[in-house]
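Me: I would like to learn how to read a protein model feature by feature. Could you walk me through one?

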Amino acid sequence: MKFLIIGEPTPVPEHVSKEQILKLYQESMGWLEKQLDSGKMLCHYIFPGQGGMAIVDVDSNDELHKLLRAYPLQQFFDWEIRPLCDWKPLYAHYIEYYQK
């Protein structure tokens, strides 16, 4: 199951120090590399300005949830998650439908 994940950063609470955020960003870089290397994350891009997106390939909604919860910066993002479909079978379906 492939999903598009869009992350929009939320304000960092004032009680979180720069050192804590720095550590979380460093951990996140390693975490992202691990997900990309494993093939669970197919791509990851940052939007100019802020936020970003990833496409993941997981076996279930539960695995998706666990993956997101494991992201070190997850608490500082709002997530939009969209399931993805391969285009070819859907196009074939529409072609068949409109040929009737």
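Me: What percentage of the 100 residues in the protein do buried residues make up?

Reply: Happy to start there. Keep in mind that this is a predicted model. Buried residues make up 29% of the 100 residues.

Me: Which helices and strands should I look for, and in what order do they run?

Reply: Begin with the tally, then follow the chain. The protein has three helices and four strands, and from the N terminus on they are arranged β-α-β-β-α-β-α. The radius of gyration is 17 Å, well over the 13 Å that the globule rule gives for 100 residues, so the protein is more spread out than a compact globule. The spans of the C-alpha trace along its principal axes give another view: about 65 × 25 × 25 Å.

Me: How much of the contact pattern joins residues at least 24 apart?

Reply: For this, set aside pairs that sit close together in sequence. Among contacts between residues at least 6 apart in sequence, 67% join residues at least 24 apart.

Me: Let's take one helix. Which residues of helix 2 are buried?

Reply: The general idea comes from helix geometry. An α-helix has 3.6 residues a turn, so residues three or four places apart point the same way. In helix 2, residues 61-70, the buried residues are Leu64, Leu67 and Leu68. They cover an arc of only 95 degrees around the axis, which puts them on the same side of helix 2.

Me: And which exposed residues does the face turned away from that buried side carry?

Reply: That face of helix 2 carries Asp62, Lys66 and Arg69, which are exposed.

Me: What covers the buried residues of helix 2?

Reply: Here you look for the elements in contact with those side chains. The cover includes helix 1 (18-38) as well as strand 1 (2-9), strand 3 (52-57) and strand 4 (77-84).

Me: How many bridges join strand 1 to strand 3, and how do these strands run?

Reply: Reading a sheet means asking about both pairing and direction. Strand 1 and strand 3 run antiparallel and are joined by six bridges; Ile6 stands opposite Met53 of strand 3. Strand 3 also runs antiparallel to strand 2 (residues 41-46), with five bridges joining them. In that pairing, Cys43 stands opposite Ile55 of strand 3.

Me: Which residue takes a positive phi in the hairpin of strand 2 and strand 3?

Reply: Look at the connection for this one. The hairpin has five residues between the strands, and Gly49 takes a positive phi near 100 degrees.

Me: You mentioned Cys43. Why is its sulfur not bonded to that of Cys85?

Reply: Check the sulfur-to-sulfur distance against the cut-off, which is within 2.5 Å for a disulfide. The closest cysteine sulfur to that of Cys43 is in Cys85, 16 Å away, and therefore too far for a bond. The count of disulfides comes to zero. As for surroundings, Cys43 is buried, with a relative accessible area of 17%, whereas Cys85 counts as exposed at 60% relative accessibility.

Me: How many aromatic pairs does the structure hold?

Reply: With rings, read the distance between centres and then the angle between planes. The structure holds six aromatic pairs. One of them is the tilted pair of Tyr71 and Phe77, at 6.1 Å centre to centre with 55 degrees between the planes. The rings of Phe77 and Trp79 have centres 5.3 Å apart and planes at 20 degrees, so this pair is stacked.

Me: Which residues form the aromatic cluster, and how accessible are they?

Reply: Trp31, Tyr71, Phe77 and Trp79 form one cluster. Tyr71 is buried at 10% relative accessible area, and Phe77 is buried at 16%. Trp79 is partly exposed at 32%.

Me: One last stop: where does Gln74 lie, between which elements?

Reply: A loop residue is worth checking for accessibility and contacts too. Gln74 lies in the loop between helix 2 and strand 4, and is buried, with a relative accessible area of 15%. Leaving out residues up to four places away in sequence, Gln74 touches Leu68, Arg69 and Trp79. As for Gly49, its C-alpha atom is separated from that of Gln74 by 18 Å, and the two residues are 25 residues apart along the chain.

How values were computed: Residues numbered from 1 in each chain as written. Predicted model: local features only at pLDDT ≥ 70, side-chain atom pairs only at ≥ 80, totals over all residues. Heavy atoms only, no water. Buried < 20%, exposed > 50% of the residue type's maximum accessible area, 1.4 Å probe, protein only. Helix = DSSP H or I, 4+ residues; strand = E, 2+ residues; numbered from the N terminus. Arc of directions from axis to C-beta. Contact = heavy atoms within 4.5 Å. Pairing = 2+ DSSP bridges. Phe/Tyr/Trp six-rings, centres within 6.5 Å; stacked < 30°, edge-to-face > 60°. Rg over C-alpha atoms; globule rule 2.2 N^0.38 Å.
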